[in-house]
Amino acid sequence: MPPKHWPRPKSRNVGLFTDLRLFSEALELTSEQGSITKHYLQEELSQRVHGLLFIERQSPKSVEHLLRELRGIGWLRSTGRGSKLSDSMSYHLTPDGEAAFNLFRQSNRKFLRLLTAKMQELYTIPGWFVHRLWTINPEGQGEVVVPTPPRGWNPSSRQWEDKEWTPELATQTEKTLDIIQSVCPGGFPIKEDDWIESVESAWNRLSSLKRRKVAKPSGESVGTEKRQMKTYTPRRRLALAMREAAVNFLFSSKPPYVDSEDFWMPKPPLLPRTYMAWCPRLEALELIFYTDVHPTLPGRLIFPTSVFRASAPQHTFEELSAIKNPDGESLWLHQPSWESMKGRFFTALSQEHQRASARVGSLYVSLLDVRDEVCRQLRLSAARFDDFIEEALRESLRPGSRWSISVETDIREDQRSAFQLIRRPAWIDGTPHSLIAITEIRSA
Amino acid sequence: MTNDLFRKPTVPLEPKPNKYERFGFTRNPFPAKPSVIIDSPDPVENGSIYLPALRENEQNRFEELLIPNPDRPQVRPIAFLMDYATRRGRGIGKTAFLYHQCERIMQDLGNELSGGTQVIFAAYVLPVAGGKYRKFWQFSRIIVDALVKNEIIAKAIWRLRAFSGVIPDEVLSEVGTEPHRTIGNNQWLEDQGISLILGGLERTIQTQLSGLGIRDDLVDALAQFGHSATDFRRYYLDNLSDYYWRRDDGRLLFDDLVKVFAASGFTKGVILADEIEKIVPYQNTEERRAFTESLRYFFIDGPCENARLSFYGLLLTIHPYLQELLTPHWEASGLDRFAALSRELASEYTVYFEPLTEGTAIPLATAYLDESRISDDQKGTLEPFDADALEEALLLTGRVPGRFLTLLNNSVEKAIQEEWQKIGADQIRTVAQARAPKEPDQNDTIEVLPPTQVDLSGSK
């Protein structure tokens, strides 16, 4: 039987913004105004928080990408000819766009499902990405790790010219693989030699790039000319090299160590750059979950919260019939009802709270760490977790409840840096929360 | 009066029945918190229930290192107290130990410990968290605070008063066991016909201290208020600004006060500094280096009165990771030659705190049980526990006394709640499983992720 293939993506030019609310906001502004321009959209898109970062306005690039995608999906049309975007172009809603906006007004979740279908149609990535995760690690239900260097490794900066691949880098690369393969078997099934060789090659490529320019330090002589970077941090470069090597290994057109193409095309469907945009998007669409700050894994842990199946129980899965794999199976999102999951949710939540509590020694622990692990064990999307934690809080207030749960909004020390700043918060009653404490109520 | 603003309770609270009576206790005999609270009025919490036999080795070592006696005239200027049970530091009993050593020294000013050769005081110093002691002058200031709070400066002034020749012997014989009410009380002295001002007692002390080259403002304050810790703090210490302390940089503690103590007949002062981890981790590299340089300057060989007389002995309570933080600076400032913090010679300067053993855990538990027994008949027994239960508790708590006692506290509570008649090893295990989260232990082993609990593929 000839191999079955995924449809070739109509576009590979995905926008690099990750906040999917921009789609609905753009539709709303266009609906209100009748037509919009790029400038208008940039001015009117509301302020927002991304993780803990406050974003006052979108960059011109993001707005441009947004308009291009809306046009590609077929929800906006531009006046004038040609595909090239210009600042003066104005955009109107198409009938499909109007229908999409009406759907958004009814239900955000339904709108997101429609958006998922549209993205599948345009890019093919959503369904293919989920399928690929399941192909890489079927035993682990699609659990995959994209490595970064071990947490304790923080070497000092190196001079820009000092770009040699050293034995220390090789050791750290090897150590990272060892940890991942021990903690999450099957999550990164690469052979050690291949891994070190591909990271080294990515390191050399990154080292040969033209050095970036940075702003002049204040106090230097006047002038706007930027100065060249003199040093770089090996940890960051090694992390980038690992990501590049891992994305090429995991998400190229052929599955790892398999000699059959997923597409009728030689180009890789996903590049390290677009991979970075797709993860948060697919997470927001509830197809996958990922975390960059797993306490024991050095790297990004990704797992699907959806699966391709011929059929699935309706009370725990939601069918996305618009997305089908080459075998004709639909994508089913794991969307269990609260009643069906309540018992397991409480158990997993309290167990993970206890585990985190034993690790850090305090009763209040990071809600996000607990969330990540509960979602992994129960294969829940982050949005579903938010729903469930609200239900759990309500339930814990009822007389006779076994659990006492308390959540707080304080910003933790470890949330103020790096990935933590843009980590998806846990939303409870519209407010981002960060701490949780759970105690079992003693029987009287 | 009907106004609620002036209302007082009219119905007395009924005393609750003693739920611990079932086991013959006046209350839960064990502390609920696995740490010592020095100023707590409750003996269960403040470390006063203490079993010297438990820490006999450590106590002997402490004396060897810091207390001079006829067989051992030379002692260490700086020594360390460190838990030997690495990463089980908290709750091992260091604070209770320091508190007890302080009491031992202060009960007769080191007479028994030094074989009558020394007059010693001891001061317990506890920094609070928050990075307030990054500079050495801040460390000096909390030591001075402790000397005032523990009435050590007051005792020095009382001694100066007694030796001044102004107070007749028959009045001195009336001083009694509460000196703060007699020789430390101006009114009492005046009632005994002692003149304080106008060429009297204060003037004599002032002249004596001035002759030692002590700064004038301190001489005046000591002569006038030094006899009362509260007055000295209120009228002198509280008025010293941060700027004053910074500029003074330890001179008050290491020059002037040493002269005062020496004049009052003290021959040694032992400073017991607890929880140095509240100081060092907050310091940056330069501050650590400066801190160790200052320790060397003021305790070892700087041109100051303390270094000249080797007056103060300093016991630093450190956690193992502090060793790592401090060692490079300690060695760079040459302190390792006088007090080795790490490497082979460290044991010559260190009191190591060992974990509990079966042989010491049972007497410790018994000491706590006895303190809360209603009837003397039950004293010395382990009821409602048995020996197996205590051994199990010891094992489950990593042989750390603080955790051990807290587990026993929880077991007594659970036994009452569940109406257990006895507390055996099984009951201890039940309680241990439900106990509050413990201090994190270093986890060097790699654990596989827990299994997922749902199967999306529907294949299983």
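**Group meeting: a first walk through the two-chain model**

Okay, let's start with chain B: of its 460 residues, 38% are buried. By buried I mean that 20 or more other C-beta atoms lie within 10 Å of the residue's own, while 12 or fewer is exposed and anything in between is partly exposed, with C-beta atoms placed from the backbone. One thing up front: this is a predicted model, where local features need pLDDT of at least 70, side-chain atom pairs count only at pLDDT 80 or more, and totals for chains, interfaces and linings use all residues. As for names, residues are numbered from 1 along each chain as its sequence is written, and chains are lettered from A and ligands numbered from 1 in the order in which they are written.

For the complex, the predictor gives an ipTM of 0.80 and a pTM of 0.58.

Staying with chain B, we have 18 helices and 5 strands. Those are DSSP runs numbered from the N terminus, H or I over at least four residues for a helix, E over at least two for a strand. Look at contacts in chain B between residues at least 6 apart in sequence, and 71% of them join residues at least 24 apart. Contact here says that two C-beta atoms, placed from the backbone, lie within 7 Å.

How confident is the predictor in chain B? The average pLDDT, which is its confidence in each residue from 0 to 100, comes to 83, and 88% of the residues score at least 70. Among the elements of chain B, strand β3 (residues 268–273) has the highest mean, 94, and helix α14 (residues 320–332) the lowest, 74. Then there's the stretch at residues 85–89 of chain B, where pLDDT is below 50; the model gives this stretch 13 contacts beyond near neighbours in sequence. Residues 435–444 of chain B stay under 50 too, with 16 contacts beyond four places in sequence.

Now a helix pair you can find on screen. In chain B, the axes of α16 (residues 387–396) and α17 (residues 401–418) come within 9 Å and cross at roughly 125 degrees. Axes are lines fitted to C-alpha atoms, for helices over the stretch in contact, and angles run from 0 to 180 degrees between N-to-C directions. That crossing makes α16(B) oblique to α17(B), since under 35 degrees is roughly parallel, over 145 roughly antiparallel, 65 to 115 roughly perpendicular and the rest oblique. Who meets whom? On the α16(B) side it's B:A393, B:L394 and B:L396, and on the α17(B) side B:F404, B:L407 and B:L408.

Next, a single residue: B:C304, in the loop between α12 (285–301) and α13 (305–309) of chain B. Buried or exposed? B:C304 counts as partly exposed because it has 19 C-beta neighbours inside 10 Å. Leaving aside neighbours within four places in sequence, B:C304 is in contact with B:F254, B:D255 and B:F298. And B:V258, 46 residues away in sequence, is 9.4 Å from B:C304, C-alpha to C-alpha.

Over to chain A, which has 14 helices and 20 strands. Of the 444 residues in chain A, 39% are buried.

My last stop is A:L287, in the loop between α10 (272–284) and β11 (288–291) of chain A. A:L287 counts as buried because it has 27 C-beta neighbours inside 10 Å. Not counting residues up to four places away, A:L287 touches several others, including A:P126, A:V130 and A:L333. A:T116 sits 171 residues from A:L287 along the chain, with 9.0 Å between their C-alpha atoms.
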